[in-house]
Amino acid sequence: MDLIEANLICLACVAIDQLTRAVRLRAFVRGMGFRFRLRQAMGLNLFEEAAAAVTPMRLGGEPARLAGMLRAGIPGTAGFVALLIEVVSSWPIFALLGTALAVLYAPDWWALAGPRLAR
């Protein structure tokens, strides 16, 4: 695999992530009875990524997305609840994938790095 193919695969992964997050956010907001277009959700996710990239510890992302939802006409309470549900629903997936990666790769990593760290 050359560098261009690797970059295209990474770009496709980012696009899929952004699209699925937008679909999920749209479903949560619409489930609360508010009109919210997929294009708005995609824009908010990109706005969130930009804000997170320029703030320490990525702390500006969710407040920026909430501000964008307020500007789109979603009430603050509904926007906050939608974002809370999205964030809380993501953490079990992160925990599961992190555990799987640790089980798969930690023993080999420790066999390689352990002796060096012990010195």
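Does Arg65 count as buried or exposed, and what is the relative accessibility behind that label: which value goes with Arg65? At 1% relative accessibility, Arg65 counts as buried, because the cut-off for that label is anything under 20%. The model here is a predicted one, and the picture below starts from the whole chain before coming back to this arginine.Taken as a whole, the protein chain has 4 helices and 0 strands. Reading along the sequence gives the pattern α-α-α-α. The radius of gyration comes out at 19 Å, well over the 14 Å that the globule rule gives for 119 residues, so the protein chain is more spread out than a compact globule. Its C-alpha trace spans about 60 × 35 × 25 Å along the principal axes. As for what is tucked away, buried residues account for 23% of the 119 residues. Looking at contacts between residues at least 6 apart in sequence, 46% of them join residues at least 24 apart.

Next comes the pairing of helix 2 and helix 3. These two helices pack at an angle of about 145°, and their axes are 7 Å apart. The crossing of helix 2 past helix 3 is right-handed. On the helix 2 side, the contact is made by Leu44, Asn45, Phe47, Glu48, Ala51 and Ala52. Helix 3 brings in Gly61, Glu62, Ala64, Arg65, Gly68 and Met69. Sorted by class, this contact holds 6 nonpolar, 3 polar and 3 charged residues.

Back to Arg65, which sits in helix 3, residues 61-71. Its side chain is joined to that of Asn45 by a polar contact of 2.6 Å. Asn45 and Arg65 both turn up in the list of residues that make the contact between helix 2 and helix 3. Once neighbours within four places in sequence are set aside, Arg65 is in contact with Arg21, Leu25, Leu44, Asn45, Glu48, Leu83 and Glu86.

One of those partners, Glu86, belongs to helix 4, which covers residues 76-118. Glu86 has a relative accessible area of 2%, so it is buried. Not counting residues up to four places away in sequence, Glu86 touches Arg21, Arg24, Leu25, Phe28 and Arg65. Thr55 is another story: it is 31 residues from Glu86 along the chain, and 21 Å separates their C-alpha atoms.

The loop between helix 2 and helix 3 offers a change of scene. Met57 lies in this loop, which follows helix 2 (38-53). With a relative accessible area of 74%, Met57 is exposed. Its backbone has a quirk as well: Met57 has a positive phi of about 55° although it is not a glycine. Measuring nothing but C-alpha to C-alpha, Met57 and Ala22 are 22 Å apart in space, with their positions 35 residues apart in sequence.

Arg58 is in the loop between helix 2 and helix 3 too. Its phi is also positive, at about 60°, although Arg58 is not a glycine. At 47% relative accessibility, Arg58 counts as partly exposed.

Note on methods: Residues are numbered from 1 along each chain as its sequence is written. This is a predicted model: local features need pLDDT of at least 70, side-chain atom pairs count only at pLDDT 80 or more; totals for chains, interfaces and linings use all residues. Side-chain values use heavy atoms; hydrogens and water are left out. Buried means under 20% relative accessible area, exposed over 50%, partly exposed in between (1.4 Å probe, protein chains only). A polar contact is a pair of N or O atoms within 3.5 Å; within protein, one must be able to donate a hydrogen and the other to accept it, and residues adjacent in sequence count only if both atoms are side-chain atoms. Contact means heavy atoms within 4.5 Å. Axes are lines fitted to C-alpha atoms, for helices over the stretch in contact, and angles run from 0 to 180 degrees between N-to-C directions. A crossing is left-handed if the near helix is turned anticlockwise from the far one by less than a right angle, and right-handed if clockwise. Ala, Val, Leu, Ile, Met, Phe, Trp, Tyr, Cys and Pro count as nonpolar, Asp, Glu, Lys and Arg as charged, and the others, Gly among them, as polar. The radius of gyration is taken over C-alpha atoms; the globule rule is 2.2 Å times the number of residues to the power 0.38.
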